[in-house]
Amino acid sequence: MSYLAKNYNRKKISFKYGKGSFLYSSNGNKYLDFVQGIAVNSLGHAHPKLVKTINKQSKKLWHVSNAFQIPEGEVLAKKLAKKTFADYVMFQNSGAEATEAAIKVARRYFYTIGKPNKNRILCVKNSFHGRTLAAIYASGSKKMTEGFGPKVTGFDHFKFGDHKSLNRKITKNTAAIMVETIMGEGGIKVISDWCLRELRKICNKKNILLILDEVQCGIGRSGDFFAFEKSKIKPDIVPIAKGIGGGFPIGAVLMNKKVASGMTPGTHGSTFGGNPLAMAVGNAVMDIVSNKKFLNNVKNISKYFLLKLNQIKDKYPNVIKEIRGKGLLIGIQIYTDQTKFINKLIENNLLTIRAAENVVRVLPPLNVKKNEIDQALKIIKKVCSEIK
Ligand SMILES: Cc1ncc(COP(=O)(O)O)c(C=O)c1O
């Protein structure tokens, strides 16, 4: 009998410990973990530097209220700002909180400049921005909102890739366009650099803010620190979470000076957000993942992984429809329901996770080794040969 609520469909595996790319289960199995808590453990399990950092900080100070100065947060905010487009950072604890706060920042900005009716957020239909009430209605997915009415209003939706519908849905009340730079849960769909540039142009022309949700695809996952970097555009607001904590719950909203002007004292807050323990870990993760050499490594290993996966796809064209993604945010689109495929991978000791559109999501840690990629490729190939 489990006293946990039944809101998850959990696999019957539990783990005793993890090290790097591997998880060790309670019944003695060793798994190659290409889920990593769904793109959370950016440096794998029990990274020595993170272990050392959390130990050290836990002996000094865990938590103080945001009513006081938090130097560790000042340091991390500065690092994030220096590395990115952002002028200011507001810390949270999770991705949903960060996306909700991003919406608040956008609305508050227009309120502050005397345009309170410019408050609607335009999102991609069936996207994913988290599970809080506003976030599920932002996602516009029936599956996520069913039974949770009354509807949280203020969101409009367009179809991914449908530029006409995007333009049609913009009104004088549109405050922001909010999209995931790479749709994660939605099936690893990448917004091209060209589209990002067009989005920026539309936003500039119509005085709309651009929010790029990098909760899943940010913090080095794409091979760049942010997935939008190659497009050379600057968004106005970027919610982050997952990878920045390396397994410790951290969220944040990055914003430019213009929009930050609305966030005056009392407009937003969080008891836990940005506490010293979280910030110590965030700083340690940031120092590693923001390093150019580290990111180049992600790019190189991704290139190899994608090439080899495409070769497997070519060998098994009846099993794999498409290899998707960027960096180490990779999707293998299967022709049939992916559950069987994922279960077969597990039987062969490789952990992956589903995404929409029959996609098997493959999320190694960013410091994954080439021989571990080779191990995963061997298993994927074997499963393709068995399933065809
Ligand atoms: C793009 C995106 N935004 C927001 C979220 C919500 O993050 P969290 O589960 O930490 O609330 C997720 C989680 O998967 C995500 O992928």
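How far is a nitrogen atom of the ligand from a polar backbone atom of phenylalanine 128? The distance is 3.4 Å. The structure is a predicted model, in which local features need pLDDT of at least 70, side-chain atom pairs count only at pLDDT 80 or more, and totals for chains, interfaces and linings use all residues. Residues are numbered from 1 along each chain as its sequence is written, and side-chain values use heavy atoms, with hydrogens and water left out.

**The ligand**

Polar contacts (pairs of N or O atoms within 3.5 Å) to the ligand include the following.

| Ligand atom | Protein partner | Distance |
|---|---|---|
| oxygen | glycine 95, polar backbone atom | 2.8 Å |
| nitrogen | phenylalanine 128, polar backbone atom | 3.4 Å |
| oxygen | glutamine 216, side-chain N or O atom | 2.8 Å |

Taken alone, the ligand exposes 400 Å², of which the protein buries 83%; these areas come from the Shrake-Rupley method with a 1.4 Å probe. Among the residues around the ligand are Ser94, Ala96, His129, Glu180, Glu185, Asp213 and Lys242, a residue being near if one of its heavy atoms lies within 4 Å. The shell divides into three nonpolar, five polar and four charged residues; Ala, Val, Leu, Ile, Met, Phe, Trp, Tyr, Cys and Pro count as nonpolar, Asp, Glu, Lys and Arg as charged, and the others, Gly among them, as polar.

**Two helices in contact**

Helices are DSSP runs (H or I, at least four residues), and strands are runs of E of at least two, numbered from the N terminus. The axes of α3 (residues 71-83) and α10 (residues 276-289) come within 8 Å and cross at roughly 35 degrees; axes are lines fitted to C-alpha atoms over the stretch in contact, and angles run from 0 to 180 degrees between N-to-C directions. The contact (heavy atoms within 4.5 Å) includes Leu76 and Leu80 of α3 and Met279 and Met286 of α10. Its residues divide into seven nonpolar, three polar and four charged.

**Backbone features in loops**

A cis peptide bond, with omega about 5 degrees, joins glycine 149 and proline 150. Proline 150 lies in the loop between α6 (142-145) and β6 (155-158). Alanine 46, although not a glycine, has a positive phi of about 50 degrees; alanine 46 lies in the loop between α1 (36-39) and α2 (48-60).

Note on methods: Polar contact = N/O pair within 3.5 Å; in protein donor to acceptor, adjacent residues only side chain to side chain.
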